[in-house]
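Please walk me through this structure step by step, as someone who is looking at it for the first time. I would like to follow the helices, the strands and the contacts between them.

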Amino acid sequence: MSAVSKRALLRSLMVLGLAAGLNISAQAADASAPDLLIRQLSLETIEAVKSDKAIQAGDIQRIITLVDTKVMPHVNFQRMTSSAVGRFWRQASPDQQQRLQAEFKTLLVRTYSGALAQVRDQSVALKPLRAAADDTEVVVRTEVRGKGDPIQLDYRLEKVGSVWKIYDVNVLGIWLADQYRNSFAQEIGAKGIDGLIQALADRNAKAAGGKS
């Protein structure tokens with residue numbers, strides 16, 4: 001598998017697959033400890049993808065349903081989007097922020113959905129968690145192992161009340177929010193926040209039109 005394919009595969013696992021599977025309640029995951037949450041969701045995700053032919057075939061509606069019902073309960077998507085938008089997030093109105101979140105989620109779903117079909121014999125190994133008992137933000141480091149070299153996949157989580165929420169992911173040394181921040185800033189600089197929203201909407205519409 002090429003480095004590009006690895007990046008697409010692992011980002012898809014985070015964005016689309018961090019769920020307890022189509023037939024397992026998201027609330028069943030142990031969100032009281034960040035490393036346990038990541039371990040359980042990762043393992044269940046791989047099993048869910050392996051057993052679901054519709055996901056492997058790239059069924060977008062199936063994946064969107066998975067994201068909405070299973071992934072989002074464990075992700076602070078507002079923080080993920082605001083981090084990607086950067087300093088311009090504070091300039092956006094509440095309506096613009098909601099539209100940015102919606103289009104960004106659709107972008108990630110459609111961009112990486114096809115990579116789910118590549119999941120075959122991967123397994124996830126957690127590295128020791130380096131965090132104090134009273135930390136409210138941590139990084140959980142993992143490796144995805146299969147054929148070839150292990151693939152780095154790290155998560156940033158924050159504690160919200162008594163549970164942990166994911167707000168960023170690092171694939172092969174690249175944080176997801178950082179990947180989009182520069183291009184988003186360029187679009188906003190040229191056409192404003194509404195221009196970025198429209199650009200994302202156009203890209204999503206084009207991608208949707210290309211699906212059968």
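Which residues of H7 are buried? In this predicted model, the buried residues of H7 are Leu176, Ala177, Tyr180, Phe184, Ile188, Ile193, Gly195, Leu196, Ile197, Leu200 and Asn204. Helix H7 covers residues 176–209 and so counts 34 residues, yet its end C-alpha atoms lie only 25 Å apart, whereas a straight helix rising 1.5 Å a residue would reach 50 Å. Within H7 there is also a kink of about 125°, and this kink is centred on Lys191.

Two of the buried residues in H7, Tyr180 and Phe184, lead on to the aromatic rings. The structure holds four aromatic pairs. In one of them, the rings of Phe104 and Tyr180 have centres 5.3 Å apart and planes at 85°, and because an angle over 60 degrees counts as edge-to-face, the pair is described in that way. This pair joins distant parts of the chain, since Phe104 belongs to helix H6 (residues 94–112) and Tyr180 to helix H7, with their positions 76 residues apart. Phe104 is buried, its relative accessible area being 1%, and Tyr180 also counts as buried, at 7% relative accessibility. Phe104 forms a further edge-to-face pair with Phe184, where the distance is 5.6 Å centre to centre and the angle between the planes is 75°. Here again distant parts of the chain are linked, with Phe104 in helix H6 and Phe184 in helix H7, 80 residues apart, and both Phe104 and Phe184 are buried. Through such ring pairs, Phe77, Phe104, Tyr180 and Phe184 are linked into a cluster.

From the helices we can turn to the sheet. Five strands make up an open sheet in the order E1-E2-E3-E4-E5, and their pairing is antiparallel. Strand E1 (123–126) and strand E5 (174–175) stand at the edges with a single partner strand each, so that one side of each has no neighbour in the sheet. E1 pairs with E2 in the antiparallel sense over four bridges; Val124 has Val144 in E2 as its bridge partner, while Ser123 stands opposite Arg145 in E2. On to the next strand, E2 and strand E3 (residues 151–160) are paired in the antiparallel sense over eight bridges, and Val138 has Leu157 in E3 as its bridge partner. E2 and E3 form a hairpin in which five residues lie between the strands, and Gly148, in the turn, has a positive phi of about 85°.

A closer look at one residue of E2 adds detail to this picture. Glu143 is found in strand E2, which spans residues 137–145, and Glu143 is buried because its relative accessible area of 18% falls under the 20% that sets the limit. The side chain of Glu143 makes a polar contact with the side chain of Arg145, at 3.1 Å. Beyond its neighbours within four places in sequence, Glu143 is in contact with Ser123, Val124, Ala125, Lys127, Pro150 and Ile151.

Finally, Val124 leads from the sheet back to a helix. The C-alpha atoms of Gln40 and Val124 are separated by 9.8 Å, although these two residues are 84 residues apart along the chain. Gln40 has its place in helix H2 (residues 34–51), and Gln40 is partly exposed, with a relative accessible area of 22%.

Key:
Residues are numbered from 1 along each chain as its sequence is written. This is a predicted model: local features need pLDDT of at least 70, side-chain atom pairs count only at pLDDT 80 or more; totals for chains, interfaces and linings use all residues. Side-chain values use heavy atoms; hydrogens and water are left out. Buried means under 20% relative accessible area, exposed over 50%, partly exposed in between (1.4 Å probe, protein chains only). A polar contact is a pair of N or O atoms within 3.5 Å; within protein, one must be able to donate a hydrogen and the other to accept it, and residues adjacent in sequence count only if both atoms are side-chain atoms. Contact means heavy atoms within 4.5 Å. The expected span of a helix is 1.5 Å times one less than its number of residues. The bend at a residue is the angle between axes fitted to the seven residues ending there and the seven starting there. Two strands pair if DSSP finds at least two bridges between them. Rings of Phe, Tyr and Trp (its six-membered ring) pair if their centres lie within 6.5 Å; planes under 30 degrees apart count as stacked, over 60 as edge-to-face and the rest as tilted.
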